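Here is my note on this model, point by point. Please keep the structure open beside it as you read.

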Amino acid sequence: MDLKTTYMGMELKNPLVASASPLSRDLDSVKRLEDAGIAAIVLFSLFEEEILHEQESLHHYLTRETDHYPEHLTFYPDVEDFHQQADRYLEHIRRVKESVTIPVIGSLNGISDKGWSDFAGSIQQAGADAIELNVYYVAADPVRSGSEIEQIYLRNLRTVKKTVSIPVAMKLSPFFSSMAHMAVQLDKAGADALVLFNRFYQPDILPDTLELSPSIVLSEPHEGRLPLRWIAILHGNVRASLAATTGIHTAGDVIKMIMAGADATMLCSTLLKYGIGRIEQIMKNLLEWMEGREYESVEQMRGIMSHKRLENPYAFIRANYVKTLKAYRVKSSEAW
Ligand SMILES: Cc1cc2nc3c(=O)[nH]c(=O)nc-3n(C[C@H](O)[C@H](O)[C@H](O)COP(=O)(O)O)c2cc1C
């Protein structure tokens, strides 16, 4: 069985990639990910705030943001924690590269034009095989238009592309008014991969203490339907590789993403929930399923359920919406 796939020009032994998570903080976990069969690892992100470690500029940055959204301040780690993070991150890349033979992808997370994206060059020098850029931007400013926000993504991508020669992936949010147009713009600007989608962590409200609670809720498999749809729509329309992240918990989820057109399928919540051993289970089930259906390679499955290949591509856009809503029947227990 040929499970090989090409992601951003890198040949991977299979489509399973460990997405950015705390599992990559520890060398032992990184080695266990490789031993379990993962084909590449995206490291946890280095945040813009950790790079802009001159206290003054950081202070300015934080207060500017918090003028409008005071809750931001309570979510940021202490300013002291930012110091030396960048150097430690580079050292971590070097150590991870010495410990494993699979590709290692560094991750940069930021939004401003303050020079953090130049740091991509240091990530390349430290030995990363590629970079994933995560522009985690919550578009909450009512005077900022959608096209201005799109420019933030494009500017950061162009800066990083000018700085490095290794491939650059963009991890995207699904919140664009024209996702397909944005994807094509990033493709034209040189993105080597689009990683769909960044999962925004929604703070909750604690009514008793009048506080916000920024706790993380791990994903559920049904959340994979959002990247599934967009990968199916974009497959064949962009030159960039497509990676699926969010809601991939089982071999079935991996198969669906590949059929939609994904070049790589990323695992995070399922590994945090069930442990690194989950990779072996997913791999075993993937092989069994493919053998049972006489597929010979991942390549053979890729994109067979994509928008372009479906007889009725409208199914991915509006038709199913109308049909599904009309088909729903209220059970007697739900009636009130
Ligand atoms: C605890 C935790 C930490 C994460 N850290 C990062 C990070 O540092 N950078 C990043 O781009 N994504 C990060 N993510 C997002 C994951 O890489 C992934 O895209 C997201 O969880 C959706 O995939 P899943 O459904 O498999 O969890 C993190 C997710 C979790 C749960």
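1. Start with helix α8, residues 146–163. This is a predicted model, and the helix length can be checked by simple arithmetic. At 1.5 Å a residue, the 18 residues of α8 should span 26 Å. The C-alpha atoms at the two ends are 26 Å apart, so expectation and model agree.

2. Which residues of α8 are buried? They are Ile149, Glu150, Ile152, Tyr153, Leu154, Asn156, Leu157 and Val160. Buried here means under 20% relative accessible area.

3. Now look at what lies over those residues. The cover on the buried residues of α8 includes two helices, α7 (120–125) and α9 (179–188). It also includes two strands, β6 (130–134) and β7 (168–172).

4. Take leucine 186 next. Leucine 186 sits in helix α9. Its relative accessibility is 0%, so leucine 186 counts as buried. Leucine 186 touches Tyr153, Leu154 and Leu157, and these three are among the buried residues of α8. Other contacts of leucine 186 are Met170, Leu172, Ala191 and Leu194. That list leaves out residues up to four places away in sequence.

5. How far apart are leucine 186 and alanine 169 in sequence and in space? In sequence they are 17 residues apart. In space the distance is 9.8 Å, C-alpha to C-alpha.

6. Compare aspartate 187. Aspartate 187 is also placed in helix α9. Is it buried or exposed? Its relative accessibility is 11%, so aspartate 187 counts as buried. Aspartate 187 touches Val238, Arg239 and Ala240, again leaving out residues up to four places away in sequence.

7. Turn to a helix pair. Two packed helices are described by the angle between their axes and the distance between the axes. The axes of α11 (residues 251–260) and α13 (residues 278–292) come within 8 Å and cross at roughly 60°. The two helices are therefore oblique to each other. The crossing of α11 past α13 is right-handed.

8. Which residues make this contact? From α11 come Ala251, Val254, Ile255 and Met259. From α13 come Ile282, Asn285, Leu286 and Trp289. Sorted by type, the residues of this contact are 7 nonpolar, 1 polar and no charged.

9. Last, step back to the protein. The protein has 15 helices and 12 strands. Of its 336 residues, 50% are buried. Consider the contacts between residues at least 6 apart in sequence: 70% of them join residues at least 24 apart.

Note on methods:
Residues are numbered from 1 along each chain as its sequence is written. This is a predicted model: local features need pLDDT of at least 70, side-chain atom pairs count only at pLDDT 80 or more; totals for chains, interfaces and linings use all residues. Side-chain values use heavy atoms; hydrogens and water are left out. Axes are lines fitted to C-alpha atoms, for helices over the stretch in contact, and angles run from 0 to 180 degrees between N-to-C directions. Helices (H or I, at least four residues) and strands (E, at least two) are DSSP runs, numbered from the N terminus. Angles under 35 degrees count as roughly parallel, over 145 as roughly antiparallel, 65 to 115 as roughly perpendicular and the rest as oblique. A crossing is left-handed if the near helix is turned anticlockwise from the far one by less than a right angle, and right-handed if clockwise. Contact means heavy atoms within 4.5 Å. Ala, Val, Leu, Ile, Met, Phe, Trp, Tyr, Cys and Pro count as nonpolar, Asp, Glu, Lys and Arg as charged, and the others, Gly among them, as polar. The expected span of a helix is 1.5 Å times one less than its number of residues. Buried means under 20% relative accessible area, exposed over 50%, partly exposed in between (1.4 Å probe, protein chains only).
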